[in-house]
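I opened the model to look up how its helices and strands are arranged. My entries follow.

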Amino acid sequence: MLVVGDRHGALTTALAERFDVTMWSDSALSRIATRANLARAGRTALLPDRLPELRYDLVVVRPGKARALLEQQLYEVAGRIQPGTPVVVGEMVKHLGRWMTEALERQIGPTTASLAARKARLLRATRDARRGDPPAWSTYEAPGGITLQNAPGTFASSGVDAGARLLLEHLPEGLGDARVVDLGCGNGVLAIASAARNPEARYLLVDESAAAVASAQASWQANLPGRPVDLLLADGLSDAAPASADTVLCNPPFHGGTTVDEWLGRRLLDQAHRALRPGGELYVVANRHLAHHRHLRQTFARVDVLGSDPRFSVLRAVR
């Protein structure tokens, strides 16, 4: 059995009691949570970074809100299953858009919907002999003449989001050979713009999304060919050594799926605090309706406002 996009491992852990389960997700955090829950239950499952070359009898999918990512996942699944194999998608009715049915019909085959139960519904598709086209990567120009490559499902795949655009105006210069981290790098726009201004600095781009890391790698090579860079698919800087960074750049998320979740951003800010050397600096864009500035003032020695607009503030926090 293949489980796709299991956010915390609930499906995988339950099904692993009876079946040989592979759980595949774009999210490193999903694999970390699933691994922990399997261990607590005394069960095992395969948790690969990439979809392995195996054959599956049944596919169960928990879709996210990124349409292109679901289409890409279904395209890859279609290459692993035989005609007649069922693919089941489950979601709350309020999040179950017509686009999910259309993606299933393009990539898998004929699709039907169940009756709703407890405000949720199943979509059931059966693999047929056809296979749809893979979703295309997107490309666009960012301020400063930067060309950004975006894998399906990458955040801000159609244009630089407003928060990152504001932070681009306040990136530091004169960093010398500093160790710079783009934390939650997405397509790498902050690191690439910073690297163009700081030719001797060393960069680590880290994200928990495999699509984001692939996009950041392609974008870096398109703009800075031959310049060394480190890329990491991980839970941010949770495993970073103390004092291992001089500067951290961060445009933190504030949604977990379809829910506003301030804790997601605060986790990254705390990771940055642990990884920075004394005197190191965090440059972060903060949504004005969240309380990131108050949290930073409780943990960092100094916090300055570098710029703001009606929606966002750019803050510099000194370790």
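I call a crossing left-handed if the near helix is turned anticlockwise from the far one by less than a right angle, and right-handed if clockwise. Helices (H or I, at least four residues) and strands (E, at least two) are DSSP runs, numbered from the N terminus.

The model is predicted: local features need pLDDT of at least 70, side-chain atom pairs count only at pLDDT 80 or more, and totals for chains, interfaces and linings use all residues. Residues are numbered from 1 along each chain as its sequence is written, and side-chain values use heavy atoms, with hydrogens and water left out.

I looked up the helix pair. The crossing of α6 past α7 is right-handed. On the α6 side I found A191, I192 and A195 in contact (heavy atoms within 4.5 Å), and on the α7 side S219, W220 and N223. By class, this contact has 4 nonpolar, 2 polar and no charged residues (nonpolar: Ala, Val, Leu, Ile, Met, Phe, Trp, Tyr, Cys and Pro; charged: Asp, Glu, Lys and Arg; polar: the others, Gly among them).

I then turned to the sheet. It is open, with 7 strands in the order β11-β10-β9-β12-β15-β17-β16 and mixed pairing; two strands pair if DSSP finds at least two bridges between them. β11 (230–233) and β16 (302–308) are the edge strands, each pairing on one side only.

Inside the sheet, I checked β9 (residues 179–183) against β12 (residues 245–250): they pair in the parallel sense over 4 bridges. V181 has V248 of β12 as its bridge partner.
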